[in-house]
Amino acid sequence: MIHPKDDQIRAYYHTLFSVWGRQHWWPAHSRFEVILGAYLTQNTSWINVEKALASLRAAGLLSVDGIRRTPRRRLENLIQSSGYFRQKAQRLKTFVHFLDECYDGSLARMFAQSPARLREELLALNGVGPETADSILLYAGNQPVFVVDAYTRRILERHALIDPGATYDEIRELFERALAAAVGEAAVHTAELGPADSSVRPRGFSHSPSRMSQALRTPLAQVFNEMHGLLVGVGKNYCLKSRMRCEQCPLQKYLPDKS
């Protein structure tokens, strides 16, 4: 079956990657740090998450055992910068309890589970929605699952690629289908990419390379990883919630003609 939107999604990927290059998501030193970040970033900015992670790291608690043995009140204080800290502290405790009960406290055992089954288990946990579950699967588990966030939805709606009522899974399936064909082309674009000049324009929402951002993953998971980061860059720099900077955006040429 021919899906006319697929070519446009792939064009977005190649255009953004050619301009900005690798985004080095997720910025973390361990899989558990990615999971913590996925919880903490709910309803707050990444800057606030980094402050909370730094507090946990300074206290020597940035680990499964660290969260397990820390009293909830102290955990709340350490992650206070991330907002909704009481809810998030309880949710982190809930995740560690799930990990202990179902996988003997082992992330390796958890990620050995089939992605579909693990996704169901994560979604059953309090405070875990599709975006958080898929972030854990993609960025901590290196599974080929596309993460849909508010930036992605906003960009696609403004480009008339989805209806306002499109579900999370409909958008996720659109990207997973469209980008599957981009895997072979990704290596070519990576090889042709020169060093980005950050003085010319923003580099999306890129981070410094980290252990997790450079982790070995399948080509498909890598493309999903990059595309999500690139779209966040568009959303943060150009496709703002309150106003649009279309004249500066790399995706301007793909906007529908409203004449």
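Helix α13 is a good place to start in this predicted model. Of its 19 residues, 16 are buried, so α13 is largely enclosed by the rest of the structure. The helix covers residues 219-237, and at 1.5 Å a residue it should span 27 Å. Its end C-alpha atoms are indeed 27 Å apart, in agreement with that expectation. As you look along any such helix, keep one rule in mind: an α-helix has 3.6 residues a turn, so residues three or four places apart point the same way.

Now let's turn to the contacts between charged side chains. A search of the whole structure finds 15 salt bridges. In one of them, Arg177 meets Asp6, with N and O 2.9 Å apart. Arg177 belongs to helix α11 and Asp6 to helix α1, so this pair ties together parts that are 171 residues apart in sequence. What is the relative accessible area of Asp6? The value is 7%, and because buried means under 20%, Asp6 counts as buried. Its partner Arg177 is partly exposed, at 35%.

A second salt bridge joins Arg57 and Glu33, whose closest N and O atoms are 2.7 Å apart. This pair also links distant parts of the chain: Arg57 is in helix α3 (residues 46-58) and Glu33 in helix α2, 24 residues apart. Here Glu33 is buried, with a relative accessible area of 5%, while Arg57 is partly exposed at 39%.

For a third example, find Asp100 and Arg68, where the closest N and O atoms are 2.8 Å apart. Asp100 lies in helix α6 (residues 85-103) and Arg68 in helix α4 (residues 64-69), so the salt bridge ties together parts that are 32 residues apart in sequence. Both partners are partly exposed: Asp100 has a relative accessible area of 25%, and Arg68 has one of 35%. Salt bridges can also share partners, and in this way Arg119, Asp134, Asp169, Arg172 and Glu176 are joined into one network.

Which residues gather in a patch of negative charge on the surface? They are Glu157, Asp163, Glu170 and Glu173. Glu173 sits in helix α11, which runs over residues 168-180, and is partly exposed, with a relative accessible area of 45%.

Finally, look at a loop. Gly21 is found between α1 (4-20) and α2 (31-40). At 1% relative accessibility, Gly21 counts as buried. Its C-alpha atom is separated by 24 Å from that of Val49, which is 28 residues away along the chain.

Methods. Residues numbered from 1 in each chain as written. Predicted model: local features only at pLDDT ≥ 70, side-chain atom pairs only at ≥ 80, totals over all residues. Heavy atoms only, no water. Patch = residues over 30% accessible without salt bridge, like charges linked within 9 Å, V, L, I, M, F, W, Y side chains within 5 Å. Areas by Shrake-Rupley, 256 points an atom, 1.4 Å probe, with all protein chains shown as cover. Salt bridge = Lys/Arg side-chain N within 4 Å of Asp/Glu carboxyl O. Lys, Arg positive; Asp, Glu negative; His and termini not counted. Charge placed at Lys NZ, Arg CZ, Asp CG, Glu CD. Helix = DSSP H or I, 4+ residues; strand = E, 2+ residues; numbered from the N terminus. Buried < 20%, exposed > 50% of the residue type's maximum accessible area, 1.4 Å probe, protein only. Expected span 1.5 Å × (residues − 1).
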